[in-house]
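Colleague: I would like to learn how to read the features of a model like this one. Please take me through them one at a time.

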Amino acid sequence: MSYTTLLSHLHRPSSTTAPPTLQGLIVHHLAHLAPSPTPLAAAIVSSPLFRPFSFAKLDALSTSFRHAAHAKLTLLKQESSGLFSPSLNTRLANWSTSLLKGFEGGHAVTRLACCSGLLMGLEDILPRLPAKQPDVKFSVEDELVLAFADVIDLFTSSDSWGKQFLPIAEGGEDALTLPLIISSQALLAVPPEKIVALPLQQMLNLVVRTITQAFLNGSFISTFSSSLEYNPEFKVSIKSQASVRQEIDAMASSPAMIHMGSLSKLCSRNISLYVDYRPKLALPPVHETFRALETIARNVEAGWLDSGLAEATEELIAPDTLPLTVSIWTILKTLLFCTIMMTEAGLSTSVYIPPAFCHSSSALALITLRTFSHLAFVIDKFGGAGHGAFTELKRGFYLALDVLANNPDESEQFVKGLFDEIWTSGFTPTHPVQRAKKAFALSAMEQLVPVLSSTTIQTIILPFCSPHLSDYTHRGEFESAHSVVLAVFSSRSKRVVKNVTLHPDDPLILDSAFTERMVPFYLQCLLENSSDGRLNVTQLCLAFAVLVKSASLTRDPALAWLCISSVLDTCKGLSDDNDRRHRLHLALISSLPSLPLVLLPQALSAVKDIVNGAPSDANREELVEALFREIMDNIGDKEKEYAVCWWNDRRVEWSLGELVPAPHDGTHTKAERSETLGPARL
């Protein structure tokens, strides 16, 4: 088809030529037209063929210019060039400049689509261009920013005259969503110093509006329950003609949802740049953005609880309903990733703002954690919010906790609000959503314990953890509850060591009464959970070491010996359970660095009897190896000399020879240490 025929098609409001054919013609003539493609670019931008706007039309337009950049590079490489010929980059830059001249006077949305495609095409071919030559993207980036600014003006204009020029979209599509989707990926390729020239607040409002509408403000599951029908074989079955089927399918396949990744990245970048460059102006609109995400999450949680899907497994869902639930889960995962991306962008930049705005930072962290709490049933499918979470979620979750922990009052507010919500929800403790929220709460509490008051810990945290300390059937809550209790002990120990008194009347810090009450309780809990299938060896050793350390820092260090003697007494009654007894022996050895010097001789004497009475060579070897590791690496300087001398005496008694080297106490010369250590080391 000739160039003249292509122009005739572009001047018509409709064309009989197939869209792929027309798109291929545009690409060909944009790349081959000589001496300049400016007239064709002008004809494309002003063509009525792309009006009224639709995603398909704008996407085809953008893709045409993107492919044209590839075609032009191939053509330029095939041309012969002499010594005095312009460089490849120069010729490509001249070609793109010619296209930009043709965009002048075109509609802002059309110009934006063309510039987006052109910039993405140049981004694609950059690796194939000669290095250390002028950047061919500069002028295209500038034009893209100007076109996007014009689009923002179109949708934010307050005068009646400006509203007359609002773009019209066909088929019920949102005229605002279209240009944002088309340009979102290209705008990410524009340098930050150019993006900040845009009206960032208006840009943020438009992008957030698009994202909020794409998720229907979180109400897309609200009509699910009303569409359920009775089915004796399945718990969840949707009527075949229910409108919710079409609504969910349309939402999942909408352009905004398909491109939610680039929209979320654009919003995240907008937030980061806005807070970084204009913190005083940025924090209120960013706060509103976080509020919008929380509202979506709250509505989604309410709809999920009402839908009946929360307690339904795949076997309980009717086969014709299963594809619908898959679409719902795809949307929920998209919402989670979108939330993580946007909240992390705001929090990561808020930590660098001036101290005068610190309250705003903690407020953002508080909203973020509440939002994650509403999405706990989704997070639970990805391993939870704690140590088992994927990298992005873990980074956002712990960042929010770190920011919130700088404000003890906000931390207290979050903890009380979270547990009030769990306790007053009206659902049974075994409900899947309740379990997910409890697991989330426990993961958060573990990090906030150091800044919580003793009253909150004793009246809220520990009563909440207690039922889960022995319920090993739900592994996540079981391990998280133990982690929280250990965080309480560890926090108290650190305060005592640092001699930091935050609250003069706090028994946790001053008189150790709180710890003295807690140690016997948790000691018994650990002994009960030393059986196979509960706490593993590593967890048991870590927990017991922290417990003994905290007990040794109380008013009466003999409380630490209570822990040791209780383990010894328990082991005496386990003559038929060698595995459990061996785990407890390893736990006792792990606590040696936590003991004060006054108790160490008696404890080492007990360890000697344990090693001598080991039921097998394998157990004896593991005990000796663990003992050597604690003496060598973990025992403090004050107790080191005694422990090393004791160890060297045992080596002779146990006839270990060079199998297990002798650690040194720091008093020997290098040559003496070399001779003592021997050639092998465990």
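Colleague: How many of the 17 residues of α21 are buried?

Modeller: One point before the count: this is a predicted model. A residue is called buried when its relative accessible area is under 20%. In α21, 14 of the 17 residues meet that cut-off, so the helix is largely enclosed by the rest of the structure.

Colleague: What distance does α21 reach from its first C-alpha to its last?

Modeller: The reach is compared with the span expected at 1.5 Å a residue. The 17 residues of α21 reach 24 Å, close to the expected 24 Å.

Colleague: Is Ser 443, in helix α21, buried or exposed?

Modeller: Ser 443 has a relative accessible area of 9%, which means that it counts as buried. Leaving aside neighbours within four places in sequence, its contacts are Gly 386, Phe 397, Leu 401 and Ser 480.

Colleague: Which residues does Ser 373 touch, not counting those up to four places away in sequence?

Modeller: Ser 373 is placed in helix α17, residues 358–374. Its relative accessible area is 2%, so Ser 373 is buried. Beyond its sequence neighbours up to four places away, Ser 373 touches Glu 301, Leu 418, Glu 421, Lys 437 and Phe 440.

Colleague: On to the nonpolar core. How many residues does the largest nonpolar core have?

Modeller: A core is read by its size and by the residues with the most contacts inside it. Here the largest nonpolar core has 224 residues. Those with the most contacts inside it are Leu 10, Phe 215, Ile 328, Phe 414, Met 445, Tyr 522 and Leu 627. Helix α6, residues 108–125, gives the most to this core, with eleven residues.

Colleague: What is Phe 414 in contact with, leaving aside its neighbours within four places in sequence?

Modeller: The contacts of Phe 414 outside that stretch are Leu 366, Leu 369, Arg 370, Leu 404, Phe 440, Ala 444, Met 445 and Leu 448. Met 445 is also among the residues with the most contacts inside the largest nonpolar core.

Colleague: Now a helix with a bend. Where does α24 bend, and by about how many degrees?

Modeller: A bend is the angle between helix axes fitted on either side of a residue. The bend in α24 is about 25 degrees, at Val 519, and a proline, Pro 520, follows within four residues. As for length, α24 has 16 residues, 513–528, which should span 22 Å at 1.5 Å a residue; its end C-alpha atoms are 24 Å apart, which agrees.

Colleague: Which residues of α24 are buried?

Modeller: The buried residues of α24 are Ala 513, Phe 514, Thr 515, Met 518, Val 519, Tyr 522, Leu 523, Cys 525, Leu 526 and Leu 527. The bend residue, Val 519, is therefore one of the buried residues of the helix.

Colleague: Next, empty space. What volume does the largest pocket have?

Modeller: Rolling a probe the size of a water molecule over the atoms shows where empty space is left. The largest pocket has a volume of about 1000 Å³. It is lined by 48 residues, and the closest to its centre are Asp 380, Gly 383, Gly 384, Ala 439 and Gly 476.

Colleague: Which helix gives the most to the lining of the largest pocket?

Modeller: That is α23, with nine residues. Helices that each supply at least two residues of this lining include α16, α18, α21, α23 and α25.

Colleague: What lines the largest cavity?

Modeller: The count comes to one cavity of 30 Å³ or more, and the volume of the largest is about 30 Å³. Its lining consists of Val 208, Ile 211, Thr 212, Thr 289, Ala 292, Leu 293 and Met 342. Both α11 and α15 supply at least two of the lining residues.

Colleague: Last, the backbone. Which kind of peptide bond runs from Ala 34 to Pro 35, cis or trans?

Modeller: Omega tells the two apart. From Ala 34 to Pro 35 omega is near 5 degrees, and the bond is cis. Pro 35 lies in the loop between α2 and α3. The bond from Arg 51 to Pro 52 is also cis, with omega near -20 degrees, and Pro 52 is in the loop between α3 and α4.

Terms used. Residues numbered from 1 in each chain as written. Predicted model: local features only at pLDDT ≥ 70, side-chain atom pairs only at ≥ 80, totals over all residues. Heavy atoms only, no water. Core = buried A, V, L, I, M, F, W, Y, C linked by side-chain atoms within 4.5 Å. Buried < 20%, exposed > 50% of the residue type's maximum accessible area, 1.4 Å probe, protein only. Contact = heavy atoms within 4.5 Å. Expected span 1.5 Å × (residues − 1). Bend = angle between axes of the 7 residues up to and from the residue. 1 Å grid on protein atoms, 1.4 Å probe; cavity = no way out; pocket = protein on both sides within 12 Å on 5 of 7 lines; lining within 4 Å. Points joined across faces, edges and corners; volume = space filled by probe spheres on them.
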